[in-house]
Structure formats: structure tokens, C-alpha cells
Amino acid sequence: MLGGFSEDVEAYGNLVHDNINNTGGIQHNYFRPTLRTKVYNNTVTRNARWGILMDSAQDSVLTNNLVGDNNLANAGFANIQTSLQGSGNVYTTNGCFGTGSTTSPGCNTTVTPNFVNAAAGNFRLNPGSGAIDAGTVLGAPYNVAPYNVDIAGNARPQGGGYEIGAYEYVIGTPPPVNQLVLALPLDEGGGTIAVDVSGQKNNATLVGGATWDNTGVYGKAIAFDGTGYLNIPASKTLALAPAMTLEAWIYPTAAFTQFATVIRQDRYFLYAASDAGYCPSVAMAPLGGYSTTVINVICGTSIPPLNQWSHLAVTHDGLTLTFYLNGNIIASQTSTDPMVPTSYPMTIGASQFGEYFTGKIDQPMVWTYARTRPQILSDMSTSLIGAPGKSVEVAAPASLEISASLSLEISAD
Ligand SMILES: [Ca+2]
């Protein structure tokens, strides 16, 4: 302590929520100035007044804080309240959202947090959260123990970068919810982007000989000439494990001569055709599955006919691989080898090995869990056109970890 100042206080990785007794979240006390406070990677939400109050703070740094839905007492506070502050404060990549001003100088950006279940006190992030990979990379000492973990003890960063807030989003096991992570209507009819309406922002880019076609199953489709494909950048939401559903309508226009990809992401895949002899039942049969140190596949039993639409799907629930043709279960087998999530682009109409598809594809969809047969039938009969947020069944999280509320007051006491 020096001259009545409180110095070098840190607030790192806290969850500060539901302080409803007319108070705020993290506070620099107006009457007790603070020097060089560091406020990093906190989630501050559902508090009555401010989220983070910077009164009398000087030469302090706020970074990677996820602050929103504060000011619930309607007292006119910002999520990050920067009135009456001292000089030299720095704000970087603080994401604000919801109730309470999100435009104060401390809020560098607005984000959609997409919490797992805020009402139940679960402020972990769902896939597609705007907080994922949106933070500033932290240097020493925050990149080493004991700082390099999140509030749940998971290593920070995960995947492509630092998250904003107290929680890193952990790819793979277990999935935060049962969710749709890719849904392409393929109805734009122009341009080079096919927009994902799953809500997970996994938009696709048309590459090479992939062109718009006016006649899909629903609306338009993409035609692949045998050299083109759709590319979707690597995404945590597509790093699937322990379960999946891949499905699409296909309209092949050339006889199959080798593996023909419908959907592939590094370790999991759906193919319209295989190489001769790969599937034991029928030469060139379609297949789906996933690879680890071994390749786990389930084969169809008939060749999708030329110049007509067929619907293909493969599901894996962690125990069983199932292959569907036109909504019918064609084959099913035990497969307990755990899926391994990886961070690679997804491609439609080709794989990382080529394996191009020739013909049309419509409404490719990817889910983080095994759809049931009635759900597959529903997917087949539902047009994605103009349906963002389409009928996503959200299962209750297996366990809710509800952190105790706290109000952290930084003062010279
Ligand atoms: Ca379409």
C-alpha cells in the first residue's frame, strides 16, 4: 500500500453473477483509488448495477472480460462503467452484451455469449458463442501455471485462441448440448458463400467447379463437376466427439469410379461411393464413419442411382454406427472406439484426399449427436429455407455446476 492506494490487485478468472441486492459485479471503489489493477477473463453477469466499475482506477488493465445483462436494477449503469476513472487504464477485447450499456469505452466489442444455461447459473459456452477465440493472447505470467487454466480447471487457451470470460470452450468430450452445428440450405443461387443457418456460423465457400444449380430438393442446390467442393474453415463446433449425425441429399450425375465424398472433416465422413472392394457387401457402396488409429465404417448395401435424389445419413451415438438411405436403416454395427475431435476444415463434395463427387448436393447437415430415425425422416421432409434456429432439440446438460455468487470489491482495507 502506498499513499492510500491499493496496488497491483488482480481479478482473474472469476464468475461474478446474480448480485441482485442493488450492487454490481467487480468494483474499483471510488473512495479508495487503485493502481495497476489487472482484471482478466472474468464473466460478470446478471448483477443489479454495473458489471465492472472503474471508478478511481488508474493504470489498470481490463482484458478478455465477458460482461453483460447487468444493470438489472435499471440504475443507468454500463456493463463496464468508465465514468470517474483515473488515467492510464487500458481496455482490450472486453465483450459486452444484453442489458446495461454495451457502448462504454471499456466495452471493445459486443458478443453473443450463448451460455449453456444462464438461468440455471451455467455460464459455460455453447458452440458458436461469440466469446470463443475472441480474446487477447495473454503473456507472462498468465500463460503459465497457476494462471493458464480456466475457472473449471481446463487448460487455457483451447483450440484457436483465448476465449473471453471465465470459461474456455473445450472441444469434443463431452459436447455441451445436443446441437445442430451445420445446416446449409444452398439456396443463395449466386456468390461464393453458402450461409450456415445452424446458428454456428459455419459458412461454406464455393471452391473450383462448385456452382449454383436451380433445382435442389428444396429450392436450389450446389452442382459439383468433379473438381469443385465447398470448404468450411476449422471450427470448434465441428470438432465432433463422442457422437455425430451427417446427412445430405445427393443427386449423382456420373457413374461412381472411386470414393465420392459427400461430407468430410478430417476424422469423420459420409461418402456416396467407396472404392471397389472396400465394402464387403456391395462394390462401390456408400459408407459413413470416423477414423481414430483405425477406420470405423458402416457400409450401405446399394449404389445411389444416377440422376435422382437420394438421402444419405450416418449416425454414431458413441456405441453404434448406423447408415440410412432415404430414411431407412440399412445397416448398423457396434463401434465403441471413441471419436477423436480435431481442428481441420470440413469439405463437402471432396475430401482432403480429393475423392470428388460429381452431381448435386442439397441440405447437408451435421449434428453433435445421433439423430433417431424419426428425426432423420423429419430432416428429410423439412426445408431449411429461411429457417435459422430450426427445431434444435436441446438436451439438459448432464450436470449443472452452479458457482456461488460473489461480489469482489477491490479496496485498501
Ligand atoms: Ca436447397
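In this predicted model, strands S20 (residues 204–207) and S23 (residues 229–232) run antiparallel and are joined by three bridges. One spot to look at in this pairing is Val-207, which sits opposite Tyr-229 of S23. S23 also pairs with strand S32 (residues 346–348), again through three bridges and in the antiparallel sense. Here Asn-231 faces Thr-347 of S32. Strands of a sheet pair through backbone hydrogen bonds, and either direction, parallel or antiparallel, will do.

Parallel pairing turns up in the stretch of chain with lower residue numbers, starting with an open sheet of three strands in the order S1-S5-S9. Strand S1 (6–7) and strand S9 (57–58) are at the edges of this sheet, and each has just a single partner strand, so one side of each is left without a neighbour in the sheet. S1 is tied to strand S5 (residues 34–35) by two bridges, with the two strands running parallel. Picking out one residue pair, Ser-6 has Thr-34 of S5 as its bridge partner.

Another open sheet has four strands, ordered S2-S6-S10-S13, and its pairing is parallel as well. Its edges are taken by strand S2 (10–12) and strand S13 (90–92), each of which pairs on one side only. As for twist, neighbouring strands in this sheet are turned by 5° against each other on average, if direction is ignored. At the S2 edge, three bridges hold S2 to strand S6 (residues 38–40) in the parallel sense. Tyrosine meets tyrosine here: the bridge partner of Tyr-12 is Tyr-40 in S6. In a regular strand, side chains alternate between the two faces of the sheet.

Turning to the packing, the largest nonpolar core has 69 residues, and the members that touch the most others in it are Val-262 and Ile-361. What is Val-262 in contact with, once its neighbours within four places in sequence are left aside? The list runs to Ala-248, Ile-250, Leu-270, Tyr-271, Ala-272, Leu-312, Ile-348, Phe-357 and Ile-361. Ile-361, then, appears both among the contacts of Val-262 and alongside Val-262 as one of the two members touching the most others. Ile-348, also on that contact list, belongs to S32, which spans residues 346–348. There is also a second, separate core, made up of 36 residues, including Leu-15, Val-16, Ile-52 and Leu-125. In soluble globular proteins, nonpolar side chains tend to be buried together.

Note on methods. Residues numbered from 1 in each chain as written. Predicted model: local features only at pLDDT ≥ 70, side-chain atom pairs only at ≥ 80, totals over all residues. Core = buried A, V, L, I, M, F, W, Y, C linked by C-beta atoms within 7 Å. Buried ≥ 20, exposed ≤ 12 C-beta atoms within 10 Å, placed from the backbone. Contact = placed C-beta atoms within 7 Å. Pairing = 2+ DSSP bridges. Axes fitted to C-alpha atoms, helices over the stretch in contact; angles between N-to-C directions.
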